[in-house]
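User: Please give me a close look at a single part of this model, covering its surroundings and its ends. I would like one connected account.

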Amino acid sequence: MGCGSATPQKIIINDQLGQRVDTNDEWIQSRTGIGERRIIGESESLVDLATDAALNAVKMANWDVNTIDLIILATSTPEDLFGSAPKIQSNLEASGAVAFDLTAACSGFLFALVTASQYLASGSMKRAVVIGADQLSKWVDWDDRTTCVLFGDGAGAVAIETTGAQNDLIGYDLKTDGKRGGCLNLSQSNVFLDLVEEAKYQKGEFLPIKMEGKEVYKFAVKEVPIILGKLLDKYQIDSESIDWLLLHQANQRILDAVASRFSIPSRKVLSNLKHYGNTSAATIPLMLDEAVRDQRIKSGDLIACSGFGAGLSWGAALFYWHGPY
Ligand code: UT7
């Protein structure tokens, strides 16, 4: 029924990163399609961005905040490990909504969308706000050129409800392969400090993001076409009927490779990597919001969506967009 997004003010262009690590605009653009990214600054916060994104989605849907039953925040970078969704519920003044975080890295938004849809499909809830928001800038090793050029911060959200009419979520599939999880991690450190003479305690802290880029790339270009292809077959949808391919924005080459497997022309492939880089759980709703607001996506359009990333985790969903415009 609505979508929204919010991004930080501070823009860092590729050449600025060249001041810090041995990289350049030509390498980053040609290997990833990324031109710039936005980074949360001192006067901003992840919760504020997520709140703004959610509020924009609720406004587009024209909902009274008191009618929201559920808020799911997909994030791997909460401000509070006990959960940041309750703070967003409070900011929205949505006191009737239950709110919790869900972590599935770059697949997080898709996993959260499907999770929320189960509450709606069961009839136990009617209205949900699903947010994808991440601040990977605080966990990137800014001296590691193989990862630091890729990520940015942002937030996006959708407002979904049951109408009793046609189900706009045609189908979905979600996957996890924990055995391959070592390719992409933001792991806790293994530091134990003395507590008392007889015992140590583990200090709570995390190590920067570590990624085997090539492995993750190969995983994405193999698994995304498989999961999407199976979904299209299951619901007997021809790839020509897809109005928009909406993939997790990790690398333009991944978007192009998946599109070419289904012979989807580039005009139907949504991409805003150039401006935001990889904002993890935020990429899909951020992209959706941009394309809805500039009226590329129209009510009734069929969207083929896929998210993929750490876990390893991946998923796909086919849905119709039915917003107010
Ligand atoms: O959201 C989670 C999902 N994540 C992803 O989907 C990421 C998937 N992986 C990728 O997008 C790509 O693998 C990368 C963009 C991360 C890397 O692209 P690549 O074409 O696989 O490059 P590479 O790692 O093979 O590196 C090629 C060369 C290397 O130099 P040598 O060994 O050939 O001399 C790297 O050291 O490029 C070098 N390199 C860089 N050079 C300039 C790596 N990073 C940089 C850099 N600037 N930032």
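Analyst: Contact here means heavy atoms within 4.5 Å. The model is predicted, with local features requiring pLDDT of at least 70 and side-chain atom pairs pLDDT 80 or more, while totals for chains, interfaces and linings use all residues. Numbering starts from 1 along each chain as its sequence is written, and side-chain values use heavy atoms, leaving out hydrogens and water.

The part chosen is helix α8, residues 252–261 (helices are DSSP runs of H or I, at least four residues; strands are runs of E, at least two; both are numbered from the N terminus). Its buried residues are Ile254, Leu255, Val258 and Ala259 (buried: under 20% relative accessible area; exposed: over 50%; 1.4 Å probe, protein chains only). These residues lie on the same side of α8, because they cover an arc of only 130° around the axis, taken from the directions from the helix axis to the C-beta atoms. On the face turned away from that buried side, α8 carries the exposed residues Ser260 and Arg261.

The cover over the buried residues of α8 includes α7 (213–234), β13 (244–247), α9 (273–276) and β14 (302–309). Strand β13 contains Leu245, which counts as buried because its relative accessibility is 0%. Beyond four places in sequence, Leu245 touches Leu255, Val258 and Ala259, among others including Leu228, Ile264, Val269 and Ala304.

At the N-terminal end of α8, Asn251 acts as the cap, with a side-chain oxygen 2.8 Å from the backbone nitrogen of Arg253. Just after α8, Ser263 adopts a positive phi of about 50°.

Notes:
A polar contact is a pair of N or O atoms within 3.5 Å; within protein, one must be able to donate a hydrogen and the other to accept it, and residues adjacent in sequence count only if both atoms are side-chain atoms.
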